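Reader: Could you walk me through a few features of this model? I'd like to look at it as we talk.

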Amino acid sequence: MDQTSITAAGAIDTFLVLLIGIGPKIALVPFLEMTASLDQTVKQRVLRKMMTTAAAVAVVLMVLGELLRALLHFTIGSLSIAGGVILLVLAVWMVLAPPASDSSERSAGKDPMQLAVFPLAVPYLLNPVGIVGLMTISAEADSIGVFAVEFGILVFVLLLDLVVFRWANRVSEKLDQNRMLVTEKVFGFLIAAVAVQLVLDGLASEGVIGPVPH
């Protein structure tokens, strides 16, 4: 962006990036699977822990992302490539993941609060797209006004997450698991495409390839 003011198109782009990067879709099915055997009180605690962890990390990345990048000496292009590779792994897992019963068996006996932090908060809720997007915002927001608008968009997306997960928590027993599984597989393909685009954008940013039109 590298701008001192934000346009409507820029705000929409930021919203879409954050909706993918810290939105509910990737984390929703794993959340329902991992909390299926828990009582409602524990589910609420897991939800709060997941949301507060993801929100805290997101705010740190947005505020201090550029400082961390400078200290660790990597470029936004390098971050984009790394994020794309990790996101591709997650997307492949979404497509090829075993049925919910197997997933429940793997999480059985584990501390629900630990699962809320990993893998639910990171990397499912706050995924590589979100990390790249937040650090890019930190690097390129050249005015307090732009940063404030983009921070407001982050808060809005987090509130949307809270509404979706609370709703899913309350009606989880009535949700059609087969339909949710199918949508997860389809969305996994779309996320894989986003992952490849992140890698291409990173390569283009580093001058390895020419600009790739979106």
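Reader: Is the crossing of helix 2 and helix 9 left-handed or right-handed?

Author: Happy to help! This is a predicted model, where local features need pLDDT of at least 70, side-chain atom pairs count only at pLDDT 80 or more, and totals for chains, interfaces and linings use all residues. Residues are numbered from 1 along each chain as its sequence is written, and side-chain values use heavy atoms, leaving out hydrogens and water. A crossing is left-handed if the near helix is turned anticlockwise from the far one by less than a right angle, and right-handed if clockwise; for helix 2 and helix 9 the crossing is left-handed.

Reader: Which residues of helix 9 does helix 2 meet?

Author: Contact means heavy atoms within 4.5 Å. From helix 2, Lys 25, Ile 26, Leu 28, Val 29, Pro 30 and Leu 32 take part. Their partners in helix 9 are Met 180, Thr 183, Glu 184, Phe 187 and Ile 191.

Reader: How many residues of helix 2 are buried?

Author: Buried means under 20% relative accessible area, exposed over 50%, and partly exposed in between (1.4 Å probe, protein chains only). Among the buried residues of helix 2 are Phe 31, Glu 33 and Met 34. Helix 2 is mostly covered, and the buried count out of its ten residues is nine.

Reader: Why does Leu 126 count as buried?

Author: Leu 126 sits in the loop between helix 6 and helix 7. Not counting residues up to four places away in sequence, Leu 126 touches several residues, including Gly 21, Ala 54, Leu 61 and Leu 134. Leu 126 counts as buried because its relative accessibility is 0%.

Technical notes: Helix = DSSP H or I, 4+ residues; strand = E, 2+ residues; numbered from the N terminus.
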